[in-house]
Amino acid sequence: MALENLKGRVAFIFEEVDFDVDQIVGVKNIKIQDIDELAAAAMQAYDPAFRDKVRPGDILVGAGNFGYGHPHYPPMKAMRHLGISGVVAESFSPGYWRGEISMGFPQASCPGILGLVERWDEIEVDWDAAEVRNLTRGGSLPMEPLSFADRSMLEAGGLVGYLKRPTAA
């Protein structure tokens, strides 16, 4: 199974270094189990109309050490429920990275991404070329290639699919 390129609009840019994704839903909402309720709480502190603007395939962009803090899953579950297809950031917190890759949620580390894009630009993450392209304004940047294990896990849809994949005898 090949890893498909991400192609979508930049739905939001988190410019804060060491951004804690818990802030996406608010710490008081982190234990909400109902995905619709969780998605309704998402982004209220940043853009209350976010859920009306976002559409399937959109991408989030972040600054350095995106996902800093405790790697809780509810904020990004809410983002996936709203249609977010992945995150491109300057760099990622290791715990956040590992958790989201294991969930099958694409992440791309691209130093300089904040200077390449603006909100609502259409971008493409080309895994094979290890490049992020701004399709709206032009320009591209190299991204850090995925490790073999991370790519395999994303291709399998996450850790469970990765562990259940057939192996050569």
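S85 touches L6, G57, D58, I59, F105 and P106, leaving aside residues up to four places away in sequence. That's a good spot to start a tour of this structure, which is a predicted model. S85 itself is found in the loop between α3 (74-82) and β3. I13 lies 72 residues from S85 along the chain, and the C-alpha atoms of the two are separated by 14 Å.

**The sheet**

Now for the strands. Seven of them make up an open sheet, in the order β4-β3-β2-β1-β5-β6-β7, and the pairing is mixed. The edges are taken by β4 (107-109) and β7 (140-142); each has a single partner strand, so one side of each is left without a neighbour in the sheet. Going from one strand to the next, the twist averages 30 degrees. Helix α4 (residues 94-102) packs on this sheet, where it touches β3 (86-89) and β4. The direction of α4 makes about 140 degrees with that of β4.

**From β5 to β7**

How many bridges join β5 to β6? There are four, between residues 122-126 of β5 and residues 131-134 of β6, and these two strands run antiparallel. E124 stands opposite R133 in β6. The hairpin of β5 and β6 has four residues between the strands, and A130 there takes a positive phi near 55 degrees.

On the other side of the turn to β7, three bridges join β6 to β7, again with the strands running antiparallel. V132 has L141 in β7 as its bridge partner. This hairpin, of β6 and β7, has five residues between the strands, and G138 takes a positive phi near 85 degrees.

Which side chains of β6 are buried? V132 and N134 are, and they point to one face; E131 and R133 point to the other and are not buried. As background, side chains in a regular strand alternate between the two faces of the sheet.

**Rings and charges**

The structure holds eleven aromatic pairs. One of them is F14 with Y46, an edge-to-face pair at 5.7 Å centre to centre, with 80 degrees between the planes. The pair links distant parts of the chain: F14 is in strand β1 (residues 6-14), Y46 is in the loop between α1 (35-41) and α2 (50-53), and they are 32 residues apart. Is each ring residue buried or exposed? F14 has a relative accessible area of 2%, which is under 20%, so F14 is buried. Y46 comes in at 32%, between the 20% and 50% cut-offs, so Y46 is partly exposed.

Zooming out from that pair, ring pairs link F12, F14, F19, Y46, F66, F92, Y96 and W97 into a cluster.

Two arginines also have their charged ends over rings, as the table shows.

| Charged end | Ring | Distance from ring centre |
|---|---|---|
| R80 | F105 | 4.8 Å |
| R165 | Y162 | 3.9 Å |

F105 ties back to the start of the tour: the ring under the charged end of R80 belongs to a residue that S85 touches.

Note on methods: Residues are numbered from 1 along each chain as its sequence is written. This is a predicted model: local features need pLDDT of at least 70, side-chain atom pairs count only at pLDDT 80 or more; totals for chains, interfaces and linings use all residues. Side-chain values use heavy atoms; hydrogens and water are left out. Two strands pair if DSSP finds at least two bridges between them. Axes are lines fitted to C-alpha atoms, for helices over the stretch in contact, and angles run from 0 to 180 degrees between N-to-C directions. Contact means heavy atoms within 4.5 Å. Buried means under 20% relative accessible area, exposed over 50%, partly exposed in between (1.4 Å probe, protein chains only). Rings of Phe, Tyr and Trp (its six-membered ring) pair if their centres lie within 6.5 Å; planes under 30 degrees apart count as stacked, over 60 as edge-to-face and the rest as tilted. A charge sits over a ring if NZ of Lys or CZ of Arg is within 6 Å of the ring centre and within 35 degrees of the ring normal.
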